[in-house]
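Welcome! Here are two short exercises, each with a worked solution, to help you find your way around a new model.

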Amino acid sequence: MVQNAWLIPLFPLVAYLLLFVLGRRAQEGIVTGISVLAALAGFIVSLLILSDVNANGAQAPYVFHWLTVGQHSLSMGYEVTPLNAMMLTVVTFISTLVLLFSKGYMHGDERYSVFYQYLNLFIFSMLGLVISPNLLQVYMFWELVGLCSFLLVGFWYFKPEAAAAAKKAFIVTRIGDVGLFIGIVLIYVATGTFEYSGVFEAFQAKKFAIDWITPDHLITLIGILVFIGAIGKSAQFPLHTWLPDAMEGPTPVSALIHAATMVAAGVYLVARAFPIFEASPDTLTVIGIIGGITAIFAALIGLTQNDIKRVVAYSTVSQLGYMVMALGVSAYTASTFHLMTHAFFKALLFLASGSVIHAIHHNQDLRKMGGLWKKLPLTGWTFLVGALALSGIPPFAGFWSKDEILLGAYNSGHYVLFTLALIAAFCTAFYIFRVFFMTFTGEFRGEKDVYDHAHESGPVMAIPLVLLSIMAIVVGFLNSPLMNNAFEHFLFKGGEEIGNVYEANWGMAGLATLVALLGIGLAYLMYKKQSIKPENLANGALRPLYQLSLNKFYVDELYHYVIVKPVVWIGHILNFIDKWIVDGIVHLFGEGTLIGSLGLKYSQNGQVQTYGLVTLVGAVLLIGFAMYAVGGVK
Amino acid sequence: MLSVEQFLTLGAILFCIGLFGALTKRNIIIVLVSVELMLTAVNINLLTFARFGLTPSINGQIFTLFVMTIAAAEVAVGLAILIALYRNRNTSDVRDQDLMKW
Amino acid sequence: MFSGLVITGQTVAFFLIALFLIACGVMLLSMKKVIYMAISIGGVFIGAAAVYILLEADFLAFAQVLVYAGAITIMLLFAIMLTKHDELERPAVITAHPVWSVLGTAGLGLIVLWVVKFSGIKWPQATADSPFQGQDNVKMIGESLFSQYVIPFELVSVVLIVALVGAITLANKEEKN
């Protein structure tokens, strides 16, 4: 079955082309039908492949020669490892649900069909990224998903914020991509191959074709450069600023791209290419620190945001930080496991938020919500499941994966990172339940009219929510002691074990749960019981901290003044040079010619006798000169 | 005894007179006439070399005949153009014919 | 300048004719009335015919009289009459144009004269005996024209026809629509 893995990206590609041919005016039902069927087909094939891999383990990649440039031969192909198979299944599953959900959410949009085209293109690119057996191919699909992200974030391009967010998403991730590109080029120069297997062997043997740097330093350098790509794509500190802004895009996009799949690509890349990073302890330390900072940083910002999607977005950043940190402390299994569980419950949270937003006329402001439980019971329940999973309450999915990450951080001896992660876990529980309480309990704070008309949006939106909720509950058991760590065994089937694996520690689990419960309790006190007034805290002793968090630690402002402004100034200077010096020279020639011709044109007076005279004088001078030169008539 | 130089000098003088007339006269007819004068001067030269040249022959006279024929044709066409021009612009001053200027 | 000049009937005739020719040329340049200019060019053409006779080109001399002095001069007179013939040549204003014209023309003339007289070229010495002694000029021209130069001759006749038709077409009054 594995040899048919190429079918999986093909389905969405075909769907994309079909929709493209059908054009913008295609009926919504047909558009959705084609897309969902394609994704579903992909999901079924993925499941078959998953079972195949589960039975037979990883297999050699299928590679064919692509082209030869000079002495360099490039190849393309596909491969399926347990990690790939897991990613394929997750991506196709969530894609199917999101495509279905979009039918309700995007209903009536003028560019409905275009939206589905973009989504299909994205799914194709993401699946292509997952099954790529070499870094060059990864890079191509990496850019393609970036492009799709740009298109979809800016889907409502007539909103200035959306257009700006799309640009920001593209440019900021581009910074990371440059790092990745340099890293890949360095890898090729050093090892002469793009294939994962070849690269890993070279890194193990520490034999490189680059001699201006010691192998150990080269490994660290390459690791960090490739990781910069992951920083950009997975919105790690300090390039995290694009992800919250990307929430300007339609909510299904946020769920699919900016929660479950594309942002996970960075983590996936690090996990897939883990031997590159594992070869250098320094790189791992950097990865761990970046991940830890991101986790706590985003969690702190998430505490005070008022836009429901932004809170979820910051929680995404924070959870990605967890995964990266886990990789940094070599908790490979924990990281990939969290990647999977997070994909489910975060997509669930986004879709549930989307359902709320859809129900109350595309309002995203938490301050204008409240008391929606009665109106949207299903959404409320599913959101609650997602929130519990995110907070890490047993037996929900997040509990198992987050617990493993905490365990990994503790056991690896990075106690600072462990502490940061624990605090972040507390914050996570607090802010997600803050959202929950502010949205679903209490009194509605918006216009009464809107509240009266709020209702559930029918089966196309309900089915994905329910399915994801079920996944968010059960998927965590896959790697629990209750199922004998099935996920872990699956992940290392037919290959060596990567990273550190620890025995479950019930004490750690208890601590994590306790912390999460504390967070939920605090949120309950502040936003349900109102026994602690949040306003008092915000305006009282904690005001500076509150402001700091509300304004996202002023990172955007910092970038604005440190990077954007100087660049704009350089632009102004260059513009000045171009306008007045470069163009000046060009204009000088133009104007000179013009003035010269203006003067010369008066010599053309139309008088035939003048022309004759000039000819005569010229001839006389020429003859005279010629005769003078040769000295008479020879 | 006649010499080549005398005839050549005469031709040169006539040619220069014709040239000057062509360059300065204002009536188009006179300009045309001046051109004829130049052609006549050329004819004198041709005949001179036919008579006194290193290899005297009849060819010079034949050439002159051709030149005269072409000159006659030229005058005919030139005068026709002049008539058409005069009919359209009501002037025969060469300086008024400056449609081709800037 | 004319060293070694032997006064004979021919030389006297030449100088008289040359004087007449140059006089007519100067008249052409200096006359005020256009009609006088046309008449003086008639004098030039007749004088040229006389020079042709001196150069032993009898047939051409007659042709010159017939074509130039006869046809062309008359045609010019008609053209003058058809246009504003009574208009005087406008008084010459000394501008750069006539000055340069004088300079250019004089320059050319001086160059040619220098070449003719002072450049040291050995011009062929005129022989007392005419190379065409005792030969029929018209017969010679005819033989040459219809043997060696027959193709140019025919071509010239075509040119004449074309010029004739062209002249008629040009001078013909356009039909008013």
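**Exercise 1.** Describe the contact between chain A and chain C.

*Solution.* Start with the residues: chain A brings 11 and chain C brings 12 to the contact, where contact means heavy atoms within 4.5 Å. Next, take the area: about 870 Å² is buried between chain A and chain C, with 88% of this given by carbon and sulfur atoms. Buried area is the accessible area (1.4 Å probe) that two parts lose on being put together, summed over both. On the side of chain A, the residues that lose the most area to chain C are A:Leu613, A:Val620 and A:Val633, together 47% of what that side buries. By class, this side has seven nonpolar, four polar and no charged residues. Finally, look for salt bridges (a side-chain nitrogen of Lys or Arg within 4 Å of a carboxyl oxygen of Asp or Glu): across the interface of chain A and chain C, the rule finds zero.

Before moving on, please note that this is a predicted model, in which local features need pLDDT of at least 70, side-chain atom pairs count only at pLDDT 80 or more, and totals for chains, interfaces and linings use all residues. Residues are numbered from 1 along each chain as its sequence is written, chains are lettered from A and ligands numbered from 1 in the order in which they are written, and side-chain values use heavy atoms, leaving out hydrogens and water.

**Exercise 2.** Work out the pattern of chain B along the sequence, and how much of the chain is buried.

*Solution.* First, count the elements: chain B has three helices and zero strands, taken as DSSP runs (helices H or I, at least four residues; strands E, at least two) numbered from the N terminus. Along the sequence, that reads α-α-α. Then turn to burial: of the 102 residues in chain B, 66% are buried, meaning under 20% relative accessible area (1.4 Å probe, protein chains only).

Key: Ala, Val, Leu, Ile, Met, Phe, Trp, Tyr, Cys and Pro count as nonpolar, Asp, Glu, Lys and Arg as charged, and the others, Gly among them, as polar. Buried means under 20% relative accessible area, exposed over 50%, partly exposed in between (1.4 Å probe, protein chains only).
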